[in-house]
Amino acid sequence: MLLNRYITTVFSPLFIRRFYKYFSRSLLAILMLLPLTTNATQVDTSSNSPITPQVRVGLHGMLLFGSEYGLFASHLPMFHTPHNAQVVLQLTFDDPQINTAVINGLTLSAASGYPIWTIVPQQFDLSMLSPDHPSHIEHLNVDIVKGHFERGGEIQWKNQGLTVNKIIIFNELDIQFEQQKTNNNTYLKVNNTPDDKVQFLVKRLTTRPDADHIVRLDNVGNSLPAEIVIPIDAARLFNDEAQLHAALPDTAPKNTTLSSASTKLKTTSPMTTVSRVYIELDELK
């Protein structure tokens, strides 16, 4: 009797309708939650994925240097991620007045013997400056600092846009210790055109430890070679300015003589000078 009553109740039309209603609501709730669960799993997986060596997201301060012939920046490198790349680029500030003011500031600082200026971009992936990067970037927003931005420098302008006109050097650095070093240093020429009267030499970084060394050449007369290779004393990591000056080819223009019927005028151009822009050893040990 009880069994018959139970079967009648369970399979009654009212019970079936209620069961179907609650089952449908439960199924719908489960289906709505599924996409959220899937997305949460994807985010967790992404956040836990190891960063590949090619990704260099960070605060990448750069040395700012140049003259009336052009502006350049050199990433301040280290032998650890995310700063393990030597990058030198040619740039133009988007605001022409800022561009002129920076050139004037660099000129005055070079004359005073304290030429250090730096720029501080917003955080970005340094690797994206490589011309080979599939998402190569050509624009940055930066703060412009007179002095070293981490060593007491003073911000002159904030959040200024700049255009990357050309990547001159993109040199990935091996972060391993005790790599064999060569017997020579290579200094690479940096300029806007071969006829610039002011040009620069940047030491190519190799293995740790090394020296980030940049010098300025004034009164350049003739074209310089693309690179200057200089033997190095094993006890030192860079060649000083006197050694670089001695290694330069004859860049001064030849003397010119103006003749007339009554007089001869002989003019001599100033000799090329070599001065230090920047040297860093401690950060590259």
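Here a student and a tutor talk through a predicted model of one protein.

Student: Which pLDDT must local features reach in this predicted model?
Tutor: Residues are numbered from 1 along each chain as its sequence is written, and side-chain values use heavy atoms, with hydrogens and water left out. Side-chain atom pairs in this predicted model count only at pLDDT 80 or more, totals for chains, interfaces and linings use all residues, and local features need pLDDT of at least 70.

Student: What is the mean pLDDT of the protein?
Tutor: Happy to start there: pLDDT is the predictor's confidence in each residue, from 0 to 100. In this protein, 75% of the residues reach 70 or more, and the mean is 82.

Student: How many contacts beyond four places in sequence does the model have for residues 27–53?
Tutor: A contact means heavy atoms within 4.5 Å. Where pLDDT is low, the predicted coordinates should not be read in detail. For residues 256–266, pLDDT stays under 50 and the model has ten contacts beyond four places in sequence. Over residues 27–53, pLDDT also stays under 50, and the number of such contacts is zero.

Student: How many strands does the protein have?
Tutor: Helices (H or I, at least four residues) and strands (E, at least two) are DSSP runs, numbered from the N terminus. The protein has four helices, and its strands number 15.

Student: Which strands stand at the edges of the open sheet?
Tutor: Strands of a sheet pair through backbone hydrogen bonds, either parallel or antiparallel. Two strands pair if DSSP finds at least two bridges between them. Here five strands form an open sheet with antiparallel pairing, in the order E12-E9-E10-E11-E15. Each edge strand has a single partner strand, so one side of it is left without a neighbour in the sheet; the edges are E12 (227–231) and E15.

Student: Which residue in E11 is the bridge partner of Phe200?
Tutor: Strand E10 (residues 198–203) and strand E11 (residues 212–218) run antiparallel and are joined by five bridges. In E11, the partner of Phe200 is Arg216.

Student: How many salt bridges does the structure hold?
Tutor: A salt bridge is a side-chain nitrogen of Lys or Arg within 4 Å of a carboxyl oxygen of Asp or Glu. One of them joins the side chains of Lys285 and Asp282, at 3.5 Å from N to O. In total, the structure holds nine.

Student: Is Asp143 buried or exposed?
Tutor: Asp143 forms a salt bridge with Lys158, their closest N and O atoms being 3.4 Å apart. The pair links strand E7 (residues 139–146), home of Asp143, to strand E8 (residues 154–172), home of Lys158. Buried means under 20% relative accessible area, exposed over 50%, and partly exposed in between (1.4 Å probe, protein chains only). Lys158, at 53%, is exposed, whereas Asp143, at 18%, is buried.

Student: How many residues apart in sequence are the parts that Arg151 and Glu280 tie together?
Tutor: The side chains of Arg151 and Glu280 meet in a salt bridge of 2.9 Å, N to O. Arg151 lies in the loop between E7 and E8 and Glu280 in strand E15 (residues 273–280), so the parts they tie together are apart in sequence by 129 residues.

Student: What is the relative accessible area of Glu280?
Tutor: Its partner Arg151 is partly exposed, with 46%. Glu280 is buried, and its relative accessible area is 7%.
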